[in-house]
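Trainee: Could you walk me through this protein, one question at a time? I would like to learn how to read it.

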Amino acid sequence: MARRNDIDPILDKWAYVPGEISARLVKATDGRQVVQMRIEMGVLQMEISGRPDGEQPEGFESVLDYLRSRELLDGTNFSLDVDQCIAADREFVQYYHRRMCWLALRDFERATADADHTLALMDFCTEHSPDEEWTMSHEQYRPFVLFHRTQAAALSQLEAAGPEAAIEQISDGLGRFRQLFVEYDLEEHIDEDELVGRLEELQASIREHYDVGRTLPEQLRDAVSAEDYELAAKLRDKMAKQDFSPPAGSNGRSRRRS
């Protein structure tokens with residue numbers, strides 16, 4: 001009986017490599033597809049949609065959805081209690097592991113979706129946090145999640161819509177980084193940030209590889225900044241004809257510190 005329950009055969013065939021994210025998609029015994037991550041002392045198995053552990057907290061798809069329902073019931077005075085903070089922390093960890101799997105598997109659309117979920121959960125927790133220390137325990141990772149979100153969205157758009165759309169995704173992400181640095185009074189340090197630098201390098205690489213100059217949205221921003229409103233109007237018309245959509249996530253809910 002004990003031999004039937006151990007996972008030695010799986011681990012023997014799938015070696016753990018320190019410092020490397022190793023993931024794969026497999027079929028479970030019931031035929032559904034799951035994603036697995038090799039960790040040092042075993043394997044994590046996650047669902048590919050909904051919560052990674054497959055649970056539905058209080059009947060909702062995620063803890064975030066459940067907490068939003070509590071906010072609607074309790075009104076503006078809603079604040080997370082201890083159990084809700086623990087549940088949120090669990091969800092942060094689960095979505096982190098699955099996001100890393102999607103990035104390793106180059107499934108950038110799913111990686112973007114999981115990063116968006118994490119950022120939305122961060123927004124909610126920051127707004128309804130019981131104390132600043134708990135807020136910062138996860139808020140410190142916002143730049144890292146935002147980097148993953150921007151990188152994944154850009155590479156997803158590169159495949160789906162082309163280099164100009166990818167460049168705009170990176171511009172959007174860099175704008176969100178600037179907002180974050182301004183919020184924490186660190187604007188003068190943004191040029192020193194490693195994650196910002198890596199996004200700028202990715203954007204420059206896409207421009208060079210695909211021979212892309214200033215995109216229409218970039219030209220529009222330049223025209224508005226120079227107060228050349230006639231040119232701006234012409235660029236808007238040109239963008240409308242091309243049906244150039246703004247980057248996903250650019251109109252997300254604003255974040256407030258508790």
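Trainee: What percentage of the residues in the protein is buried?

Mentor: Happy to help! This is a predicted model, in which local features need pLDDT of at least 70, side-chain atom pairs count only at pLDDT 80 or more, and totals for chains, interfaces and linings use all residues. Residues are numbered from 1 along each chain as its sequence is written, and side-chain values use heavy atoms, leaving out hydrogens and water. Buried means under 20% relative accessible area, exposed over 50%, and partly exposed in between, with a 1.4 Å probe and protein chains only. Of the 258 residues in the protein, the buried share is 40%.

Trainee: How many helices and strands are there in the protein?

Mentor: Helices (H or I, at least four residues) and strands (E, at least two) are DSSP runs, numbered from the N terminus. Along the sequence, the pattern reads α-α-β-β-β-α-α-α-α-α-α-α-α-α. The count is 11 helices and 3 strands.

Trainee: Which helix gives the most to the largest nonpolar core?

Mentor: A nonpolar core is a set of buried Ala, Val, Leu, Ile, Met, Phe, Trp, Tyr and Cys residues joined through side-chain atoms within 4.5 Å. The largest one has 45 residues, and L80, C125 and F177 touch the most other members. At least two residues each come from several elements, including β2 (33-39), α4 (82-104) and α8 (163-183). The top contributor, with 9 residues, is α5.

Trainee: Which residues does F177 touch, not counting those up to four places away in sequence?

Mentor: Contact means heavy atoms within 4.5 Å. F177 is one of the residues that touch the most other members of the largest nonpolar core. Leaving out residues up to four places away in sequence, F177 touches P143, L146, F147, I190, D193, L195, V196 and L199.

Trainee: At what angle do helix α3 and helix α5 pack?

Mentor: Axes are lines fitted to C-alpha atoms, for helices over the stretch in contact, and angles run from 0 to 180 degrees between N-to-C directions. The axes of α3 (residues 63-74) and α5 (residues 108-127) are 10 Å apart. The contact involves L64, L67, R68 and E71 of α3 with H117, A120, L121, F124 and E127 of α5. Their packing angle is about 35°.

Trainee: What is the handedness of the crossing of α4 and α7?

Mentor: The axes of these two helices come within 12 Å and cross at roughly 35°. A crossing is left-handed if the near helix is turned anticlockwise from the far one by less than a right angle, and right-handed if clockwise. For α4 and α7, the crossing is left-handed.

Trainee: Is R106 buried or exposed?

Mentor: R106 sits in the loop between α4 and α5. Its phi is near 60°, a positive value in a residue other than glycine. Most residues other than glycine have a negative phi. Because its relative accessibility is 57%, R106 counts as exposed.

Trainee: Where is D211 found?

Mentor: D211 is not a glycine, yet has a positive phi of about 55°. Its relative accessibility is 71%, so D211 counts as exposed. You will find D211 in the loop between α9 and α10 (216-225).

Trainee: How far apart in space are V17 and E40, C-alpha to C-alpha?

Mentor: V17 lies in the loop between α2 (8-13) and β1 (22-27). With 37% relative accessibility, V17 counts as partly exposed. V17 and E40 are 23 residues apart in sequence, and their C-alpha to C-alpha distance is 8.0 Å.
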